Amino acid sequence: MMKTLYTNGKIYTMEKEHETVGAVLTENSKILKVGNVEQLQPLADKEIDLQGAVLYPGFIDSHMHLIGHGEKLRSLNLASATSQEEMFEMIQQAATSLKDGEWLVGEGWNENNFKEPIVPTRFQLDELCDSPIVLSRTCRHAALANSKAFELANITNETENPVDGEIVRDETGVATGYLLEGAQDLVFDLLEAPSVEELTASLETAVEDVLSLGLTGAVTDDLGYYGDYRNPFQAYKNVIGTKKKFRAYLMNRSPIFKQIMEEKPTYNEPWMTAGEMKFFVDGALGGQTALLRAPYADAPHTSGMAVHSDEEIEKLVQLARSYEQAVAVHVIGDGAVETILTVLEKYPVPNGKRDRLIHVNVLADDLVERMLKLPVVLDLQPAFIASDFPWVMERLGEERWGWAYAWKSLIDKGFICGAGSDAPIEEADPLIGIYAAVTRRKIGDTHEGYLVKEKLSRYEAIQLFTTGSAATIGMAHRRGKIAEGYDADFTVFDCDLMTVPANEILKAKVKMTIVAGEIMYKASQE
């Protein structure tokens with residue numbers, strides 16, 4: 001059993017602010033001792049020289065879609081488009097490699113990044129190529145399809161909206177090609193589900209990427225998106241702990257939850273861990289489908305969209321409780337939070353478990369007080385600051401700013417909070433989240449920040465990706481800190497994120513990512 005000493009760098013324990021140690025001694029997959037070099041060096045069989053780098057507990061992303069992230073890396077990514085014209089050029093270029101009848105599938109576009117924030121129409125897409133086209137918006141709560149896709153899906157101007165979505169129409173009643181929430185499935189259901197081999201390739205691509213970004217684990221939502229849950233589940237078994245050491249906490253979407261509970265598949269522990277039942281209460285602010293208590297300030301005709309009826313939500317929570325399970329719930333608007341709290345208050349979570357509230361972008365005093373009385377953990381997405389502001393302030397209106405994206409206030413209230421990227425919706429790099437949490441502004445901006453009272457300190461921001469995310473998965477006793485008995489999961493940067501100027505945070509480079517004592521990523525020597 002080899003004992004390895006990490007030394008000659010700055011090592012943050014994350015036990016308390018500013019606390020550092022001189023060395024860490026590991027044995028196999030655990031931290032054996034922490035202290036100074038003189039104490040620990042005689043016990044070591046091997047030394048790893050950090051060469052002045054800075055070591056933190058392994059970073060954990062508290063909410064992402066790993067397979068979706070890999071798919072984005074392997075497919076047409078429209079996230080960089082800053083105009084309709086640029087987006088159309090990217091689509092035309094991708095279309096040149098299509099076979100006859102092959103679908104053009106893309107994702108990541110965001111009209112708020114365009115000089116003129118206007119959603120394109122299917123008729124504009126029709127001019128780009130003859131193939132069926134479907135393009136997921138960055139939030140994945142909306143999609144854009146062309147007329148060929150509509151034809152194949154049998155969508156006409158007269159097609160009724162599904163109960164959980166909307167086929168957007170113009171003032172004359174003509175369907176524009178824009179599909180909200182469940183209406184997307186009218187098109188996406190036509191696409192062939194990826195094979196286990198394709199899912200495995202996407203997952204391996206994703207894990208390689210996030211390891212290079214310093215992530216040692218993630219709470220991930222993939223089971224239930226690709227047909228039979230056993231296909232993505234097998235992909236996880238093919239990659240996690242087999243090809244790559246990485247810690248994946250797998251949430252189970254509600255449509256496949258009962259099947260998983262009854263079949264009791266074998267997880268590749270400790271790398272794969274079973275998580276909560278996941279479902280959506282509302283949509284996204286970008287597509288005006290997040291459910292608000294009062295109408296949108298910039299669209300007074302709507303208050304958003306509920307993905308499920310109140311009765312359906314109650315039945316989903318009852319189903320989870322029947323198996324003694326917690327729930328993980330997507331709630332962005334204050335109307336969605338109010339809806340889920342009413343049900344969680346009626347059906348308490350089993351002892352020892354906590355329900356997971358994902359996003360909670362818009363809150364209010366009374367909702368926060370109700371949340372404090374429940375055993376919940378919060379998944380926050382600091383990167384949303386960079387992508388949603390300033391347009392979201394007009395969308396919400398000033399009366400809702402007090403509890404909008406209120407990460408500092410939630411931490412100060414004592415909630416267990418972790419940080420996630422929501423990749424592939426946002427970029428997976430945790431440095432983007434840390435920068436956004438600290439500065440409250442977009443990359444490249446120089447102003448004081450949006451809603452500055454909610455700025456986090458460096459320590460608080462890094463805590464969200466270490467101790468905080470570990471606590472959200474019930475692992476506060478073994479991950480997220482540099483302490484005896486904890487897992488030997490480390491993220492090593494070339495600079496000190498606690499002290500570098502704010503605009504230098506994004507320039508930090510990952511030197512090593514270590515999972516269970518094994519180096520899973522090491523930067524090439526320059």
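This section describes a pocket, a buried glutamate and a bent helix in a predicted model.

The second largest pocket of the predicted model has a volume of about 480 Å³, and of the 22 residues that line this pocket, those closest to its centre are Val119, Val168, Tyr178, Gly287 and Gln288. Two strands, E11 (165-169) and E12 (175-181), each contribute at least two residues to the lining of the second largest pocket. When the residues of this lining are divided by character, eight are nonpolar, 10 are polar and four are charged.

Glu27 belongs to strand E2, which comprises residues 20-27. The relative accessible area of Glu27 is 19%, and Glu27 is therefore classed as buried, the cut-off for that class being under 20%. Once its neighbours within four places in sequence are set aside, Glu27 is in contact with Met1, Met2, Lys3 and Leu32.

Helix H17 is formed by the 15 residues 458-472, for which a span of 21 Å would be expected at 1.5 Å a residue; the C-alpha atoms at its ends lie 20 Å apart, in agreement with that expectation. H17 nevertheless bends, by about 50°, at Leu464. Of the 15 residues of H17, 13 are buried, so this helix is largely enclosed by the rest of the structure. Just after H17, Gly474 adopts a positive phi of about 70°.

Methods:
Residues numbered from 1 in each chain as written. Predicted model: local features only at pLDDT ≥ 70, side-chain atom pairs only at ≥ 80, totals over all residues. Heavy atoms only, no water. 1 Å grid on protein atoms, 1.4 Å probe; cavity = no way out; pocket = protein on both sides within 12 Å on 5 of 7 lines; lining within 4 Å. Points joined across faces, edges and corners; volume = space filled by probe spheres on them. Helix = DSSP H or I, 4+ residues; strand = E, 2+ residues; numbered from the N terminus. Nonpolar A, V, L, I, M, F, W, Y, C, P; charged D, E, K, R; others polar. Buried < 20%, exposed > 50% of the residue type's maximum accessible area, 1.4 Å probe, protein only. Contact = heavy atoms within 4.5 Å. Expected span 1.5 Å × (residues − 1). Bend = angle between axes of the 7 residues up to and from the residue.
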